[in-house]
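Colleague: I would like a close look at the place where the aromatic rings of this protein come together, and at the helices around them. Please take it slowly, and explain each term when you reach it.

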Amino acid sequence: MAFRRVVTVSAAAACGLAGGSVLFSAVALGKQHSPPSQQGEEKAGGDAPETLAASLTGPPPPPPGLLLLPSPTASGAPAWLEKANGCGYWDNNWDRREPLALMNLKKKNEETGEQEASSRLAHYKTKATRHIFLIRHSQYNLDGQQDKDRILTKLGREQAELTGMRLASLGLKFDKIVHSSMARATETTNIISKHLPGVTKLSTDLLREGAPIEPNPPSSHWKPEAVQYYEDGARIEAAFRNYIHRADIKQEMDSYEIFVCHANVIRYIVCRALQFPPEGWLRISLNNGSITHLVIRPNGRVALRLLGDTGFMPPEKITRN
């Protein structure tokens, strides 16, 4: 009997980031693994109703999970499986700014249909690219009981200086710095801004640290109250929707924006922007004063150019608290 090696991944692992468990198995060509409810019927010598129906109408549906290797077709070209488990496929309208979604196609003129639709569509297309630099605050005093006491350490201030110098060395015309209203983020911003004179600073509560969503797999050492996910999660999601999207249609030139905030917020934003399962945010680690660079193209595509970069710091200056 011919066998074909396939790779199946559980729904959570297939949709998650690195670290999901992978199961390798060999199955007979053309034969699908049956769920437990059908195995008894097959052992008894008969096909389950679903299997029998599928054999009459075509190949049976894939089992739960995602087959990562292609199946050969008659032409020899790989035939990738249909969308499985709702992941791995890009949603063009993720920021609700896709031109076709903004147009009201019902108003299309019947006589000039396609030409008018094309003309109106151009009106909704973004022209500029947004460059978003997410900066994690520098090292701070962990012994502070209140936010106002959690100020930067001496090393933290040095880290902020290095981050500011690094951003200035890029030679970019930054449009603004938006920062969390928490003390450590505000102080980090003030130090960075010394290296970027003239760049406007804006403070917001949306970017404050919090618990964005319950992580998967769960953490053994970090277990906030469920109400924190409920309260903080909505706020951090609001920050994502408010700040992370393609450029406005009126924006003509590419923009460069800095957001100084916190590890949990940045990790969640990265997962959401790349359309990775947000529950995987805790699998990412970020150093103090690190730079994460997201690019949002006019067509809504998102690229991650840097993630937690601290290569500009001497090794002895690098921390993660």
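Modeller: A residue is called buried under 20% relative accessible area, exposed over 50% and partly exposed in between (1.4 Å probe, protein chains only). The model is predicted, so local features need pLDDT of at least 70 and side-chain atom pairs pLDDT 80 or more, while totals for chains, interfaces and linings use all residues. Numbering starts from 1 along each chain as its sequence is written, and side-chain values use heavy atoms, without hydrogens or water.

Let us begin with the whole chain. The protein chain has nine helices and eleven strands, which are DSSP runs numbered from the N terminus (helices H or I, at least four residues; strands E, at least two). Of its 321 residues, 40% are buried. When we take the contacts (heavy atoms within 4.5 Å) between residues at least 6 apart in sequence, 69% of them join residues at least 24 apart.

Now to the rings. Rings of Phe, Tyr and Trp (its six-membered ring) pair with centres within 6.5 Å, as stacked under 30 degrees between planes, edge-to-face over 60 and tilted otherwise. Five aromatic pairs are present in the structure. One of them joins Trp94 to Phe240, with 6.1 Å from centre to centre and 40 degrees between the planes, and this pair is tilted. Trp94 belongs to the loop between strand E5 (78-79) and helix H4 (99-102), whereas Phe240 belongs to helix H8 (residues 226-243), so the pair ties together parts that lie 146 residues apart in sequence. Both partners are shielded to the degree that the term requires: Trp94 is buried, with a relative accessible area of 11%, and Phe240 is buried as well, at 2%.

A further pair is formed by Trp222 and Tyr229, whose ring centres are 6.3 Å apart and whose planes stand at 80 degrees, so this pair is edge-to-face. With 29% relative accessibility, Trp222 counts as partly exposed, while Tyr229, with a relative accessible area of 15%, is buried. These residues do not stand alone, since Trp222, Tyr229 and Trp281 form one aromatic cluster.

Phe240 leads us on to the neighbouring helix. The axes of H8 and helix H9 (residues 263-273) come within 10 Å of each other and cross at roughly 55 degrees. From H8 the contact is made by Ile236, Glu237 and Phe240, and from H9 by Val265, Tyr268, Ile269, Arg272 and Ala273. The axes here are lines fitted to C-alpha atoms over the stretch in contact, with angles from 0 to 180 degrees between N-to-C directions.

Let us stay with Tyr268, a residue of helix H9. Tyr268 is buried, with a relative accessible area of 6%. If we leave out residues up to four places away in sequence, Tyr268 touches Pro212, Ile213, Ile236, Glu237, Pro278 and Trp281. That list brings together two parts of our picture, for Ile236 and Glu237 also take part in the contact of H8 with H9, and Trp281 is a member of the cluster with Trp222 and Tyr229. The C-alpha atom of Tyr268 is separated by 9.5 Å from that of Ala211, a residue 57 places away along the chain.

The loops beside these helices deserve a careful look at their backbone. Pro217 is found in the loop between E8 and H8, and a cis peptide bond, with omega about 0 degrees, joins Asn216 to Pro217. In the loop between H9 and strand E10 (291-296) we find Gln275, whose phi is near 60 degrees, a positive value in a residue other than glycine. Gln275 counts as partly exposed, at 25% relative accessibility. Returning to the loop between E5 and H4, we meet Arg96, which is not a glycine and yet has a positive phi of about 60 degrees. Arg96 is exposed, with a relative accessible area of 57%, whereas Trp94 in that loop is buried.

For comparison, consider helix H7 (residues 183-193), where eight of the eleven residues are buried, so that the helix is largely enclosed by the rest of the structure. Among these buried residues of H7 are Ala185, Thr188, Ile191 and Ile192. The buried residues of H7 pack against strand E6 (130-136), helix H6 (154-169), strand E7 (176-180), strand E8 (200-204) and strand E9 (255-261).
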